[in-house]
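Trainee: Could you walk me through this one? I'd like to go question by question.

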Amino acid sequence: MPRASSAADRFWAKVSFCDHELWCPYCCWEWTARIRDGYGVITLRNDAKVNAHRFAWELLNTLPFPRGLEACHWCHNRPCVNPFHIYPGTKLQNMQHSVKDKRYSHGANHYRKRFSIENVNNMRSLFENGNSMYSIAKLYKTSNSTIWKIIKKRNWRYT
Ligand SMILES: [Zn+2]
Ligand SMILES: [Zn+2]
């Protein structure tokens, strides 16, 4: 067995999956092993310690993580290693993103005021039909994290 696949096996053995299908994009999959600064940590064979969520991105994309960028979470859930929730961003994006999120979390569900139920249904069906969150966010001129929240909260109701 090649080394890479055994590292992947060791990695996935430490992830708490949701009950949906494999590669569920909706739920957070939390790391069950070592946590440092809120983030999961995996120790590789060469003894290097890497952030588990960053490693998850590499496994999904079968690419080394882009140099100079940080592994950011759409879901703002640090121990989450669902590769669909991870994106490479600059340090600045990462900071702006979390500041924005804090601000928004005060006025809970701010997006309800901005989007109609038709908008929301349309975003979900676009996503279900294979459009990326990024393209939907662009279409509605909003952030990826807003789209992510809307799509993830499948039972969310417009009131
Ligand atoms: Zn799920
Ligand atoms: Zn997550």
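Mentor: Sure, one definition to begin with: a residue is buried if 20 or more other C-beta atoms lie within 10 Å of its own, exposed if 12 or fewer, and partly exposed in between, with C-beta atoms placed from the backbone. This is a predicted model, where local features need pLDDT of at least 70, side-chain atom pairs count only at pLDDT 80 or more, and totals for chains, interfaces and linings use all residues. Residues are numbered from 1 along each chain as its sequence is written, and chains are lettered from A and ligands numbered from 1 in the order in which they are written.

Trainee: Is His76 buried, exposed or partly exposed?

Mentor: His76 sits in the loop between β6 and β7 (86-89); helices (H or I, at least four residues) and strands (E, at least two) are DSSP runs, numbered from the N terminus. Its phi is positive, near 60 degrees, though it is not glycine. Since His76 has 17 C-beta neighbours inside 10 Å, it counts as partly exposed.

Trainee: And Asp47, buried or exposed?

Mentor: Most residues other than glycine have a negative phi. Asp47, not a glycine, has a positive phi of about 75 degrees, and it lies in the loop between β4 (39-43) and β5 (49-51). With 6 other C-beta atoms within 10 Å, Asp47 is exposed.

Trainee: Which element supplies the largest share of the largest nonpolar core?

Mentor: A nonpolar core is a set of buried Ala, Val, Leu, Ile, Met, Phe, Trp, Tyr and Cys residues joined through C-beta atoms within 7 Å. The largest has 14 residues, and Ala52, Phe55, Ala56 and Val81 have the most contacts inside it. At least two residues each come from α2 (52-61) and β6 (70-73). The largest share, 4 residues, is from α2.

Trainee: What does Asn144 touch, leaving out residues up to four places away in sequence?

Mentor: Asn144 lies in helix α7 (residues 144-152) and is partly exposed, with 17 other C-beta atoms within 10 Å. Contact means C-beta atoms, placed from the backbone, within 7 Å. By that rule the partners are Trp74, Met133, Tyr134 and Ala137.

Trainee: How far apart are the end C-alpha atoms of helix α5?

Mentor: The expected span of a helix is 1.5 Å times one less than its number of residues. For the 12 residues of α5 (residues 117-128) that should give 16 Å, and the end C-alpha atoms agree, being apart by 16 Å.

Methods
Contact = placed C-beta atoms within 7 Å.
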